[in-house]
Amino acid sequence: MFKKLIALSAVTASLLLPVTASAATFSIKPQLSPVCTYSADINLDTEGKSVDGSDLYMFYDSSKLNITSVDDGSLFPTYVGKNIDSTIGKISLSGLASIIQPVVGNGLFARINFQIKDDAP
């Protein structure tokens, strides 16, 4: 159990670093529970700029984590291209604004649900 907690701490620390795109900032806020399934919120702040869409490409160590699902957020009206590639450890998702109304502000882009593997190093 202690090994899992250390692995989760390392994963959580690496997930907390914001990723900056042109005119936008992603941040992740893990929500930990006493069971072995966890979720991490991916938030997007457009920093006051109008955006018509945004792409998320997130890489993870597939020898330590099992991504169980990726939930669409509420910031964009449409989400497309959702993909979890556990072979290379990559998650991708795109959010699209409507044609007549761009997105400005901050909010939930996606929620990543994951488990720490029992044999995680």
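Two strands count as paired if DSSP finds at least two bridges between them. That idea runs through this predicted model, and Y57 gives a first example. The bridge partner of Y57 is S92, in strand 7.

Start with the whole chain. Its secondary structure comes to one helix and eight strands. Along the sequence the pattern reads α-β-β-β-β-β-β-β-β. The chain has 121 residues, and 39% of them count as buried. Its exposed area is about 7000 Å², with carbon and sulfur atoms supplying 56% of that area. Contacts reach far along the sequence. Among those with a separation of 6 or more, 64% join residues 24 or more positions apart.

Now return to S92. This residue sits in strand 7, which spans residues 90-96. S92 has 11% relative accessibility, and the cut-off for buried is under 20%, so S92 counts as buried. Leaving aside residues up to four places away in sequence, S92 touches L56, Y57, G81, K82 and N83. Y57 is thus met twice, as a contact of S92 and as its bridge partner.

The strands around S92 come next. Strand 4 and strand 7 run antiparallel and are joined by seven bridges. They belong to an open sheet of three strands, in the order 4-7-6, with antiparallel pairing. Strand 4 and strand 6, the latter covering residues 78-85, stand at the edges. Each has a single partner strand, so one side of each is left without a neighbour in the sheet. From one strand to the next, the twist averages 5°. What holds such strands side by side? Strands of a sheet pair through backbone hydrogen bonds, either parallel or antiparallel.

Strand 8 is the next stop. How many of its residues are buried? Eight of the eleven are, so strand 8 is largely enclosed by the rest of the structure. Strand 8 has antiparallel links to other strands. Nine bridges join strand 3 to strand 8. In strand 8, Q115 stands opposite T37. Seven bridges join strand 5 to strand 8, and these two also run antiparallel. Here V70 has I112 of strand 8 as its bridge partner.

Turn from backbone to side chains. In soluble globular proteins, nonpolar side chains tend to be buried together. The largest nonpolar core in this model has 25 residues. Within this core, I42, F76 and F109 have the most contacts. Several strands each supply at least two of the core residues: strand 2 (24-31), strand 3 (37-45), strand 4 (53-59), strand 5 (65-72), strand 7 and strand 8 (106-116). Which strand gives the most to this core? Strand 8 does, with five residues.

Aromatic rings add another set of links. The structure holds four aromatic pairs. One of them is formed by Y38 and F114. Their rings are tilted, with 5.9 Å centre to centre and 35° between the planes. Y38 lies in strand 3 and F114 in strand 8, so the pair ties together parts that are 76 residues apart in sequence. Both members are buried: Y38 has a relative accessible area of 11%, and F114 has one of 2%.

Another pair joins Y79 and F109. This one is edge-to-face, at 5.5 Å centre to centre and 75° between the planes. Y79 lies in strand 6 and F109 in strand 8, so this pair links parts that are 30 residues apart in sequence. Y79 and F109 are both buried. Ring pairs also bring in F76, linking F76, Y79 and F109 into a cluster. Two members of that cluster, F76 and F109, were named above among the core residues with the most contacts.

One last stop lies outside the strands. E47 is found in the loop between strand 3 and strand 4. Which sign does the phi of E47 have? The phi of E47 is positive, about 55°, although E47 is not a glycine. Most residues other than glycine have a negative phi. E47 has 47% relative accessibility, so it counts as partly exposed. S92, by contrast, counts as buried at 11%.

Technical notes. Residues are numbered from 1 along each chain as its sequence is written. This is a predicted model: local features need pLDDT of at least 70, side-chain atom pairs count only at pLDDT 80 or more; totals for chains, interfaces and linings use all residues. Side-chain values use heavy atoms; hydrogens and water are left out. Helices (H or I, at least four residues) and strands (E, at least two) are DSSP runs, numbered from the N terminus. Buried means under 20% relative accessible area, exposed over 50%, partly exposed in between (1.4 Å probe, protein chains only). Contact means heavy atoms within 4.5 Å. A nonpolar core is a set of buried Ala, Val, Leu, Ile, Met, Phe, Trp, Tyr and Cys residues joined through side-chain atoms within 4.5 Å. Axes are lines fitted to C-alpha atoms, for helices over the stretch in contact, and angles run from 0 to 180 degrees between N-to-C directions. Accessible areas come from the Shrake-Rupley method with a 1.4 Å probe; for residues, only the protein chains shown count as cover. Rings of Phe, Tyr and Trp (its six-membered ring) pair if their centres lie within 6.5 Å; planes under 30 degrees apart count as stacked, over 60 as edge-to-face and the rest as tilted.
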